[in-house]
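Reader: I should like to understand the terms applied to this structure. Please set each value against its definition.

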Amino acid sequence: MSDNTTLTDVIMPQLAESLVSATIGKWLKQPGDPIEQYEPICELITDKVNAELPATVDGTMAELLAEVGQTVSVGEIIARIAVTGSAAPAAAAPSPAASGDAPAPAAAPQAAHAAARPPVPAAAYDAAAPMRARYSPAVQSLAAEHGINLAAVPGTGLGGRITRKDVLTFLENGASVQPPTPAAAPAAAPVPDAAPAQAAQQPVFQPVQDEFQPVRNSGLHLSESPKIPTIEIEGGRGSSSEYLIDVTPIRNTIATRMRQSVSEIPHAWTMIEVDVTNLVVLRNKLKDEFKRKEGINLTYLAFLMKAVVSAIKDYPIMNSVWAVDKIIVKRDINISLAVGTEDSVMIPVIKKADQKNVAGLAREIEELALKTREGKLRLDDMQGGTFTVNNTGSFGSILSYPIINYPQAAIITFESIVKKPVVINDMIAVRSMANICLSLDHRILDGVISGRFLQRVKDNVEGYTPETKLY
């Protein structure tokens, strides 16, 4: 390493206040690869969602200290980035005013660690605010986009940490967003937390629009070239008797949650058949106009979800969790939406779904489904669900037994719409029919209340008419 190169530590960030660790899902940069500031260097996996970790400096990946699949505690070093020349943070070298000599490497790991952070006065790192120096990727990107010096932003998070809301509040209050002029450093000693000498020349971060792959019209939304899991052939390539597929961290999390649900919750299951002929007519009448007005497709799921939410308002016990010596009934109806991708199922949440009309639910469904398929869900998108809705019928299923999304009390799934001959007033007619399946926690819910709830959902769905309004 040359004399004007320093190593900057990359530490595991605290992605949310309740998280103490994260798993390395994939390294996007390898040793020797060039890195630009804000460019993702790895994918992190938590119990809730995946996230990308952006670089805080320009440089070259020097070494990886954590392996793929390894769970790392918050604050631990996972990699080091080599920063050379004028790109090196001022924290790693004496002030240029100190002498005419070339900058020296960082004297200690603490100095390199400070270099990985945005410039903040030393007073910010006191015992009263131990988390203030740890910025999430969202905070870093937002601050860079608006030219905000984070040293001037009050932190309201745990340990004085600055949250995204703090940055937005700082902007709303009309505070100056011009980067501060670096203070003159004493000539006799290094200044670990001074601003970089070239700070004014660093590019402003601008989000890059991803190019979306076309998707087929199916419930799993498979791409034209689905991802293939990494396969290791048992006994070498010459054997064809069996093969192995690596269990990814997210698949391991799903397995743990499913096992917990089945082992702790006494599942029961029931199904009802619903006539959706009027709903089909209504959607066909409105879908083209809705597409022109909103720019998104009007799916059956928005109508079905509205019917479920209205039924939950009539039977609030469905919106509850088991707490050993009591049953906790949630006031807010937050609907968890099961969304499938090529290799997993994610459960983003529509908050306060009872306060939204059909059009509002359609927009929420489209937004969350798109974010799920693009891997852009945030932790907040996955938290707070009280009742889960699934749409297995979108890929042709007609009967399912869903596993409850722990620790909720129930999950409902809508099956495929099929035209069938049915008897109406002693005459045979062809109608559009669908099955609705409900799995329930038998500690909380019994057959009577579950049957009445399911019947109410049926009544709500069959109550749609061609005159029903979306707004």
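Author: Strand S6 (residues 59-64) and strand S8 (residues 77-84) run antiparallel and are joined by four bridges. This is a predicted model, in which local features need pLDDT of at least 70 and side-chain atom pairs count only at pLDDT 80 or more, while totals for chains, interfaces and linings use all residues. Residues are numbered from 1 along each chain as its sequence is written, and side-chain values use heavy atoms, with hydrogens and water left out.

Reader: What makes strand S6 and strand S8 a pair?

Author: Two strands pair if DSSP finds at least two bridges between them; S6 and S8 have four, so they meet the criterion. Strands themselves are DSSP runs (E, at least two residues), as helices are (H or I, at least four), numbered from the N terminus. Glu63, for instance, has Arg80 in S8 as its bridge partner.

Reader: Why are S1 and S3 said to stand at the edges?

Author: The open sheet of four strands has the order S1-S8-S6-S3, with antiparallel pairing. Strand S1 (5-11) and strand S3 (34-35) each have a single partner strand, so one side of each lacks a neighbour in the sheet.

Reader: Why is Asp381 called buried, and Arg378 partly exposed?

Author: Buried means under 20% relative accessible area, exposed over 50%, and partly exposed in between (1.4 Å probe, protein chains only). Asp381 has 7%, and is therefore buried; Arg378 has 45%, and is therefore partly exposed.

Reader: How do you know that Asp381 and Arg378 form a salt bridge?

Author: A salt bridge requires a side-chain nitrogen of Lys or Arg within 4 Å of a carboxyl oxygen of Asp or Glu. For Asp381 and Arg378 the N to O distance is 3.4 Å, so the pair qualifies. Asp381 also meets Lys371, at 2.8 Å, N to O. That pair links distant parts of the chain, 10 residues apart: Lys371 lies in helix H7 (residues 358-373), and Asp381 in the loop between H7 and strand S18 (387-390). Both Lys371 and Asp381 are buried.

Reader: What about Asp441 and Arg443?

Author: Their closest N and O atoms are 2.8 Å apart, and they form a salt bridge. Asp441, at 0% relative accessibility, counts as buried, whereas Arg443, at 28%, is partly exposed.

Reader: How many disulfides does the structure hold?

Author: A disulfide is a pair of cysteine sulfur atoms within 2.5 Å, and the structure holds zero. Cys42 is buried, with a relative accessible area of 0%, and Cys437 is likewise buried at 0%.
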